[in-house]
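Me: Hi! I am new to reading structures and would like some help with this one. Could we go through it together, feature by feature?

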Amino acid sequence: MNLIAIWSIYKFEMHRFLRTLMQSFVSPVLSTSLYFVVFGAAIGSRIQEVEGVSYGAFIVPGLIMLSVMTQAVSNASFGIYLPKWTGTIFELLSAPVNFFEVVVGYVGAAATKSLFIGVLILVTSFFFVDYQIAHPVAMVAFLLMTCLSFSLFGFIIGIWAQNFEQIQLVPLLIITPLVFLGGSFYSISMLPPFWQTVTMFNPVVYLISGFRWSFFGEADVAIGTSLLAIGAFTAICLFLIWRIFKTGYRIRS
Amino acid sequence: MNSSAPPIVEVDQLAKRYAGGFEALKGVSLSIEEGEILALLGPNGAGKTTLISTLCGISEPSSGHARIGGHDVRTGYRRARQLVGLVPQEISLEPFERVIDTVRYTRGLFGMRQDATLLESILRKLTLWDKREARVNALSGGMKRRVMIAKALYHEPRVLFLDEPTAGVDVELRRDMWNVVAELKKDGVTIILTTHYIEEAEAIADRVAVINHGEILLVEEKDALMRRMGQKQLEIELTEPIAALPKALAGFDLEIADGGRRLTYTYEATGERTGITRLLSAVSEAGLGLRDIQTSQSSLEEIFVGLLAEDGS
């Protein structure tokens, strides 16, 4: 195992994140604060409690998930796309590193960045709403698993993408709608039966539900199902990445 | 060079076919001895970069084998790549990174701990030390090229691939570059060089390989090649112009040039008898006065162009 190489990739990626600290931190914190103001304070005050939790607190897990997923995909996809775009990918291909080490370096950095942002939003939320976390260890575990699995997904997007537009389209056209329609701002039980069934095809529902359970002890789907869903998603991403490196898809001629 | 040691780079029937059917390499075989400088010459699209890319792991070969330091570039890629440094043709650098960070990064990828003394020495040799804190996008093209070279050297490779390292760079960098190459050779580093400046190859290479249409046309010691394929010319400048060759000179392969003021005699450089003594006696017998005499030899470039023309026909 080339541990120094993993650390070098990780450090190099984190360095870029720290270089753009304002953009990396301020933007998600500001937009989340706006969500709290609009949905929590303004609209939320007119909504009754959802599943025994104030509406402002109810949306916290969904908001964290929204930012974490979007940031994980963006950071990981940009991280590996940039060397492709600048041509510096030749360094990775000609260095004594294997695909696992490359993935650990890039995905580890992207997961760390999204974790920072998730934690930052969590801290920010305490300034707007009053709540307690029912299962803090499970909450941290869910957060870590989401950061990791969506960073893996982002890595695949970065390999697949052939221009910057494609990098931006996936979070915009796939992640954001799935998170919004996955119960970030409402409980699935509030939907008519037909739409409840449709919603169950949205994989993000299982992640948000499990994450919300760790906060309030209530969930739309069984916690085991949530764990299974996130495990399956991670496994699929790992398999695809393994295939990418095996075949050299869009990285090695 | 140690001729009894096994070659440090062994290429055996290496082929590369792209999806569209284009064959960039057609069963290339080549052995490179440790410590030598091999100039890989060929026109654009001949397969030079594909060969280097395949040896370095950037491109997958379709068939055949290649070993570096005895390690197969596919099955033993870690050990093979550990020995290799590459300066690619294109300048590829992360634009917003600092020079020192991007150079450090490469050594890290090779699993080696940082060595501040070595880093300073390399950056100084390439006159990058004063620019070490500068961002890459603030550098000129020539300075970026120096950064590429520093990155390739900092992990102390035993085999260095230089793919057109001096293309489009100024004289100063070219001079620094060849000073570095001379030092590396002294340290026993094997260097595989592609260049369009054939006079550079002529000046520094131990051996020359000519590649065209994905096939190696020739691999030979540079000096032997120049002796074997090079022709020499004797230029005789006359005091008075002549209209035609005197009878005494009729038996020689002579050309009259410069309005009859010069005679050009072409002969094989390797020939045991050049005929020069007889020619000069005959010139004297014909009563021609000599102003000056000089010889010239075909350059590597002329030999290279001749080889390609031969291959084309």
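Reply: Happy to! Let's begin with contacts along the chain: in chain B, residues 24 or more positions apart account for 72% of the contacts with a separation of 6 or more. Keep in mind that this is a predicted model. For chain A, 81% of the contacts between residues at least 6 apart in sequence join residues at least 24 apart.

Me: Which helices and strands should I look for, and how many are in chain A?
Reply: Chain A has 11 helices and zero strands, so its pattern along the sequence is simply α-α-α-α-α-α-α-α-α-α-α. Chain B has 10 helices and 14 strands.

Me: How do I judge overall shape, and what is the radius of gyration of chain A?
Reply: You compare the radius with what a globule rule gives for that length. For the 253 residues of chain A the rule gives 18 Å and the model has 19 Å, so chain A is as compact as a globular protein of that length. Its C-alpha trace spans about 60 × 35 × 35 Å along the principal axes. Chain B has 24 Å, whereas a compact globule of 313 residues would have a radius of gyration near 20 Å. The C-alpha trace of chain B spans about 75 × 45 × 40 Å along its principal axes.

Me: What does burial look like here, and what share of chain A is buried?
Reply: In chain A, 45% of the 253 residues count as buried. In chain B, buried residues make up 37% of the 313 residues.

Me: Is A:Ala57 buried or exposed?
Reply: A:Ala57 is buried, because 20 other C-beta atoms lie within 10 Å, and the cut-off for a buried residue is 20 or more. A:Ala57 sits in helix α3 (residues 55-58) of chain A. Beyond its neighbours within four places in sequence, A:Ala57 is in contact with A:Val129 and A:Tyr131. From A:Ala57 to A:Ser27 there are 30 residues in sequence and 21 Å in space, C-alpha to C-alpha.

Me: What is a good way to think about a core, and which residues touch the most other members of the largest one?
Reply: In soluble globular proteins, nonpolar side chains tend to be buried together. Here the largest nonpolar core has 138 residues, and A:Tyr106, B:Ala150 and B:Leu193 touch the most other members. Helix α4 (residues 60-86) of chain A gives the most to this core, with 13 residues. Outside its neighbours within four places in sequence, B:Leu193 has contacts that include B:Ile37, B:Leu162 and B:Ala205.

Me: How do I read a sheet, and in what order do the four strands of the open sheet in chain B come?
Reply: Follow the strands from one edge to the other: the order is β2-β1-β4-β5 in chain B, with antiparallel pairing. The edge strands, β2 (23-32) and β5 (71-72) of chain B, each pair on one side only. Inside the sheet, β1 (residues 9-17) and β4 (residues 63-68) of chain B pair over five bridges, and B:Asp12 stands opposite B:His65 in β4(B). Helix α1 (residues 48-56) of chain B packs on the sheet, touching β1, β2 and β4 of chain B, and its direction makes about 65° with that of β2(B).

Me: Last one: how many residues of each chain are in contact with the other chain?
Reply: 27 residues of chain B are in contact with 22 residues of chain A. On the side of chain B that touches chain A, α2 (77-82), β6 (84-87) and α3 (99-109) of chain B each give two or more residues. The largest share, five residues, comes from α3(B). By type, that side of chain B divides into 13 nonpolar, seven polar and seven charged residues.

Note on methods
Residues are numbered from 1 along each chain as its sequence is written. Chains are lettered from A and ligands numbered from 1 in the order in which they are written. This is a predicted model: local features need pLDDT of at least 70, side-chain atom pairs count only at pLDDT 80 or more; totals for chains, interfaces and linings use all residues. Two residues are in contact if their C-beta atoms, placed from the backbone, lie within 7 Å. Ala, Val, Leu, Ile, Met, Phe, Trp, Tyr, Cys and Pro count as nonpolar, Asp, Glu, Lys and Arg as charged, and the others, Gly among them, as polar. The radius of gyration is taken over C-alpha atoms; the globule rule is 2.2 Å times the number of residues to the power 0.38. A residue is buried if 20 or more other C-beta atoms lie within 10 Å of its own, exposed if 12 or fewer, and partly exposed in between; C-beta atoms are placed from the backbone. A nonpolar core is a set of buried Ala, Val, Leu, Ile, Met, Phe, Trp, Tyr and Cys residues joined through C-beta atoms within 7 Å. Two strands pair if DSSP finds at least two bridges between them. Axes are lines fitted to C-alpha atoms, for helices over the stretch in contact, and angles run from 0 to 180 degrees between N-to-C directions.
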